[in-house]
Amino acid sequence: MSLLTLLFFSSLLSLSKSTPLKPHPLPITPLPSSQQLQWQLGSMSMFLHFGPNTFTDSEWGTGKADPSVFNPAHLNATQWVQIAKDSGFSRVILTAKHHDGFCLWPSDYTDYSVKSSPWRNGTGDVVAELASAAAEAGIGLGLYLSPWDRHDGAYGKTVEYNEFYLSQMTELLTKYGEIKEVWLDGAKGEGEKDMEYYFTTWFSLIHQLQPGAVIFSDAGPDVRWIGDEAGVAGSTCWSLFNRTNAKIGDTDPLYSQQGDGFGQDWVPAECDVSIRPGWFWHALESPKPVAKLLDIYFNSVGRNCLFLLNVPPNSSGLISEEDIKVLKEFRELKQSIFANNLARKAFINSSSVRGGQFGAENVLEEGLDKYWAPEEKQKEWELYLEFRDPVSFNVLEVREPIQMGQRVASFHLEMRNVKSGKWERVVRGTTVGFKRLLRFPRCESRSLKLVVEKVRADPLISYIGIYMDKFSDSGRNSSKITITRTLLNDS
Ligand code: FUL
């Protein structure tokens with residue numbers, strides 16, 4: 001190496017040593033916990049509704065079904081987990097106990113469980129089998145312990161039942177390794193015995209026993225129910241929320257679907273929906289078509305939420321072939337849309353930059369830690385994408401680095417018309433959050449502009465995607481008709 005080259009490199013080194021980085025901007029509260037961040041990064045979880053209802057063709061079991069009905073001849077939790085993993089789900093959540101009170105693990109606090117069933121001669125434990133399959137495959141495990149218990153005699157006696165429920169919860173959270181999510185709800189039939197659930201105590205115990213878990217309920221504390229069972233979030237969807245405004249078992253669906261831009265708590269939403277009409281498997285029901293799953297994906301993951309898709313194992317103890325087929329199509333369809341981010345071909349620029357490491361080019365890199373930050377005190381926040389050749393596209397993706405808080409309240413995309421050279425609005429959206437996906441009729445252009453309109457604090461953008469969804473474009477997706485020009489003002 002010549003002296004000159006040495007001098008050149010050492011001056012570069014001393015330059016990088018002597019030029020400190022520009023600090024990150026201040027996060028804006030409320031902020032996600034590390035458990036909530038990890039949960040959100042997972043994007044999709046698979047719900048597994050399984051129990052006596054699977055064998056009695058019912059949804060809300062009475063709690064009186066004889067345990068002998070539970071006898072899945074081919075139960076294989078490894079198959080459930082493998083399908084979940086192959087289809088892109090990061091977690092599985094099992095109904096350890098549904099409303100009928102039957103426990104899928106041999107609880108020491110009741111006889112109404114697998115141990116009274118003929119399955120594996122009463123020695124089986126579905127929770128244990130699933131826990132070991134999930135650990136083996138490296139995907140997270142969640143458990144649903146229904147508060148409403150139609151079997152146990154203690155139900156209706158507040159202190160007695162809370163003791164019973166917490167004892168069962170303790171079994172679940174101490175015997176099966178790491179639990180990533182605890183799922184509970186306020187569902188209860190008309191005219192049921194009145195009683196109080198000691199939620200605050202339950203939540204403390206759960207966090208004590210499984211500090212890595214998020215707790216799901218209508219009102220959080222960590223993850224909120226979206227307010228419907230169709231898997232659809234509001235087109236405005238904040239992770240901000242006021243927990244005091246929501247009561248478990250009695251929530252305002254609109255408030256849950258939209259969240260609250262002025263909320264004091266960070267409680268992102270989970271969109272639960274079943275692949276079939278029922279939550280439990282029924283011989284006469286079929287799975288939804290792939291186009292429907294894609295719609296739900298856009299309306300949940302694409303609206304800053306997590307998609308919790310229920311895929312119920314059948315009475316032989318396996319996930320049915322028809323369901324596997326749709327899940328495979330779903331995975332392939334997503335892959336065909338999102339594998340090719342056209343924005344990567346663009347030259348990216350912005351209206352301003354906060355400093356060196358916050359440049360606009362960061363929006364092409366996956367991950368939360370790299371993002372575009374504009375200079376402070378600006379009135380306009382714009383990102384420009386210039387392509388060498390015109391590109392055809394019909395999907396926009398925008399993401400915020402949510403560890404810094406949720407900021408964007410509205411934005412739109414513009415394109416320069418290839419023929420007239422004039423700027424035209426393509427689509428408008430309100431909140432962004434972890435991920436926002438918007439669909440619109442196919443467009444073609446060489447120049448695009450993402451304009452952030454309203455914010456809670458200076459906007460930070462961590463990712464931009466521009467995609468061509470050929471499936472919806474070709475008309476094979478029956479829901480295509482819903483993507484009309486009326487959606488261009490998606491507010
Ligand atoms: C509801 C329950 O009543 C349904 O049976 C199902 O488990 C659904 C996911 O939650 O509250």
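I take the expected span of a helix as 1.5 Å times one less than its number of residues. The model I am reading is predicted.

**Helix α5**

I started with α5, residues 126–137. Its twelve residues should span 16 Å at 1.5 Å a residue, and I found the end C-alpha atoms 16 Å apart, so the two agree. Next I asked which residues of α5 are buried. They are V126, V127, E129, L130, A131, A133 and A134. I then looked up what these buried residues pack against. The partners are two helices, α4 (77–86) and α6 (158–175), and two strands, β2 (91–97) and β3 (140–145). I also checked the residue just after α5. There G138 has a positive phi of about 75 degrees.

**W105**

I moved on to W105, which sits in the loop between β2 and α5. Is W105 buried or exposed? The cut-off for buried is 20 or more other C-beta atoms within 10 Å. W105 has 25 C-beta neighbours inside 10 Å, so I logged W105 as buried. I listed its contacts, leaving out residues up to four places away in sequence. W105 touches A96, S113, V114, D125, V126, V127, A128 and E171. Of these, V126 and V127 are also among the buried residues of α5. I noted one distance as well: the C-alpha atoms of W105 and Q168 are 9.9 Å apart, with their positions 63 residues apart along the chain.

**Ligand shell**

I looked up what surrounds the ligand. I found E59, D185, A187, D272 and W279. By class, I count three charged residues, two nonpolar and no polar in this shell.

**Domains**

I read the division of the protein as domain 1 (34–338) and domain 2 (342–488). The centres of the two domains, taken over C-alpha atoms, are 34 Å apart. Their contact draws 21 residues from domain 1 and 20 from domain 2. Which elements give two or more residues to the domain 1 side? They are α2 (34–41), α9 (290–300) and α10 (321–338). I sorted that side by class: eleven residues are nonpolar, eight polar and two charged.

**Record check**

I compared this with UniProt, where an unreviewed entry lists residues 68–329 as "domain: Glycoside hydrolase family 29 N-terminal". In the model, I find that span to be 29% helix and 15% strand. Its end C-alpha atoms lie 37 Å apart.

Technical notes:
Residues are numbered from 1 along each chain as its sequence is written. This is a predicted model: local features need pLDDT of at least 70, side-chain atom pairs count only at pLDDT 80 or more; totals for chains, interfaces and linings use all residues. Domain bounds come from an automatic or database domain assignment. Two residues are in contact if their C-beta atoms, placed from the backbone, lie within 7 Å. Helices (H or I, at least four residues) and strands (E, at least two) are DSSP runs, numbered from the N terminus. Ala, Val, Leu, Ile, Met, Phe, Trp, Tyr, Cys and Pro count as nonpolar, Asp, Glu, Lys and Arg as charged, and the others, Gly among them, as polar. A residue is near a molecule or strand if its C-beta atom, placed from the backbone, lies within 6 Å of it. A residue is buried if 20 or more other C-beta atoms lie within 10 Å of its own, exposed if 12 or fewer, and partly exposed in between; C-beta atoms are placed from the backbone. UniProt positions are given in the numbering used here, feature names are shortened, and annotations may be inferred rather than shown by experiment.
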